[in-house]
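The following exercises concern strands, their pairing and a contact between chains. Please study the sequence and the structure before attempting them.

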Amino acid sequence: MILSQSLIMQPNLAPQEAAPAEQSNQSGHIFFKADQGLIYLHLPPNKAMSTDWHQLWEQLLHRLAASQKLWPPNTVAYLVANDRLLDHRQLEQLDAALSEANLQLKRVFTSRRQTAIAAVTAGYSVDQQSPTLPLASTPVATLPSAPIPIPTMVEPLYLQTTLRSGGEVRHPGSVIIIGDVNPGSTIVADGSILVWGRLRGIAHAGASGDRNGQIMALQMEPTQLRIADQVARAPAKAPTQFYPEVAYIGFDGIRITRASEFAKQKVRLEWMFDNVYKHHSVATRLPIE
Amino acid sequence: MGRIIVVTSGKGGVGKTTCTANLGMALARNGRSVALMDADFGLRNLDLLLGLENRVVFTALEVLAGQCRLEQALVRDKRQTDLVLLPAAQNRNKDSVTPEQMKQLAYALTKKYDYVIIDCPAGIEMGFQNAIAAADEAIIVTTPEISAVRDADRVIGLLEAHRVKNVKLIINRIRPAMVQANDMMSVADVQEILSVPLLGIIPDDEKVIVATNRGEPLVLSEEASLSKMAFNNIVQRMEGKEIEFLDLNAAYDTLFARIRRFFK
């Protein structure tokens with residue numbers, strides 16, 4: 001066990017040291033990141049939207065349930081708590097949930113002194129500094145001499161679950177869901193969204209402005225589709241037959257095309273879409289609020 | 001060790017308490033010992049439906065406070081002596097108990113009873129958290145309305161997150177005539193959204209209202225009715241038997257209806 005006692009006894013870290021780690025996770029959502037056989041669990045910083053521990057906890061349980069099969073038993077997990085205040089009881093809860101999902105919590109990264117103390121008391125290795133994280137947007141930033149990082153996509157989030165009403169998935173990359181996305185749920189991805197099932201909730205691809213984001217689903221019945229700054233809702237009358245479909249930004253807003261046609265279309269010029277191909281369904285374009 | 005089952009729905013008024021009362025009673029008639037736990041602190045109804053209101057002396061809260069023993073708080077049913085009720089306190093709210101305390105009570109009950117059925121309050125707040133804390137199985141009650149189904153979907157998600165994996169569905173208040181006329185969601189429509197195994201279908205029945213108001217669960221009545229049959233079938237399925245689902249459409253599946261459907 002590595003116990004960096006000297007670090008813990010230091011006063012709280014200067015804000016500029018704590019800042020880079022926060023940038024990694026502005027969405028207010030937890031996420032998992034695998035690197036060299038380790039799983040990093042990133043908690044959103046305190047400033048993020050969902051700061052409530054209860055909400056965070058629910059999110060974690062959902063995420064664990066959906067990605068349990070992705071790692072072998074007794075995988076070592078590191079917790080990246082950022083500036084989040086965790087007490088002994090919460091760490092215990094986390095540990096219990098993680099171990100149920102085959103993860104062994106071994107190490108805690110934090111920039112909060114109280115969290116560090118709680119973690120040490122609970123018997124974890126503690127790093128009270130911004131760790132060099134395997135996340136694309138962070139590691140460079142933590143090194144003082146490194147150039148400003150170019151924002152790159154993180155690896156896709158793979159979930160095997162039915163996303164139910166009230167469920168929300170946010171990810172700074174692409175999202176792949178094996179299962180249905182029910183009405184009342186939301187997916188927000190900076191990349192593309194692939195639903196291997198029915199898409200009936202709200203899907204937002206390219207959420208940080210990438211107009212190349214696509215939304216793919218085996219059965220496209222969304223409440224609303226959003227790509228970058230465009231919003232569309234499905235046609236008022238549901239189609240009687242469903243095909244795998246792809247939604248993308250065409251030259252006049254969000255369009256939906258059959259997946260089998262989409263591959264062919266990709267090689268043609270954009271203006272030809274309207275003239276040559278009859279689209280299966282065209283979503284209504286709405287001004288974004 | 002008995003099974004701990006929570007009956008929940010998310011939305012209010014879909015028939016959680018009625019289902020709890022009838023299932024408990026039917027299980028007891030089937031020779032099982034059953035403890036019903038009312039988790040609806042502050043708005044308790046289960047005692048009314050069972051007709052045990054005037055026999056409630058102590059509640060779960062007094063047990064937790066150590067003011068009485070668990071056995072003292074349990075109200076035994078006169079008609080079915082295998083059935084007991086652990087009433088909730090009426091003068092408090094949901095925050096007066098913790099999930100840990102609910103677990104204590106439920107675990108204590110499983111030692112003596114084959115089934116511990118917890119009647120969950122509506123909503124997903126503290127009362128819900130309390131009710132599902134101890135459960136390893138859940139029965140979702142929903143009606144064929146979009147609002148009820150949406151809430152049920154949310155609740156199933158929450159249950160999955162809390163590791164209640166064994167979730168089954170009861171669709172309550174089906175009106176076959178309306179389903180036939182395409183004015184109501186069908187069982188298949190509901191199942192398509194919720195995708196959890198179906199435990200039973202209960203037709204909309206005025207007799208249930210009558211029974212409820214009398215404080216005498218429907219399954220106790222001598223008169224045969226579809227809804228009584230539905231409850232008994234559910235109990236058989238809970239016991240692990242394979243029972244066909246009631247064909248509620250039979251009476252409405254006339255030649256005329258078939259022809260009309262054919263041309264739709």
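**Exercise 1.** Determine in which sense strand 8 and strand 10 of chain A pair, and identify the further partner of strand 8.

*Solution.* In this predicted model, strand 10 (residues 193-199) of chain A pairs with strand 8 in the parallel sense, over four bridges. Within this pairing, Ile193(A) of strand 10 is the residue opposite Val175(A). Next, strand 6 (residues 157-160) of chain A also pairs with strand 8 in the parallel sense, again over four bridges. Here Leu159(A) has Ile177(A) of strand 8 as its bridge partner.

**Exercise 2.** Assign the residues of strand 8 (residues 175-178) of chain A to a covered or an uncovered face.

*Solution.* In a regular strand, side chains alternate between the two faces of the sheet. In strand 8 of chain A, Val175(A) and Ile177(A) belong to the covered face. The uncovered face holds Ile176(A) and Ile178(A).

**Exercise 3.** Describe the order and the edges of the open five-stranded sheet of chain A.

*Solution.* The strand order is 1-2-3-4-5, with mixed pairing. Strand 1 (31-35) and strand 5 (125-127) of chain A are the edges, each pairing on one side only. From one strand to the next, the twist averages 30°. Inside the sheet, strand 3 (residues 75-80) and strand 4 (residues 103-109) of chain A pair in the parallel sense over six bridges. Val76(A) is placed opposite Gln104(A) of strand 4.

**Exercise 4.** How many residues does each chain bring to the contact between chains A and B?

*Solution.* Chain A supplies 13 residues and chain B ten. On the side of chain A that touches chain B, three residues are nonpolar, seven polar and three charged.

Methods. Residues numbered from 1 in each chain as written. Chains lettered and ligands numbered in written order. Predicted model: local features only at pLDDT ≥ 70, side-chain atom pairs only at ≥ 80, totals over all residues. Pairing = 2+ DSSP bridges. Helix = DSSP H or I, 4+ residues; strand = E, 2+ residues; numbered from the N terminus. Axes fitted to C-alpha atoms, helices over the stretch in contact; angles between N-to-C directions. Contact = placed C-beta atoms within 7 Å. Nonpolar A, V, L, I, M, F, W, Y, C, P; charged D, E, K, R; others polar. Buried ≥ 20, exposed ≤ 12 C-beta atoms within 10 Å, placed from the backbone.
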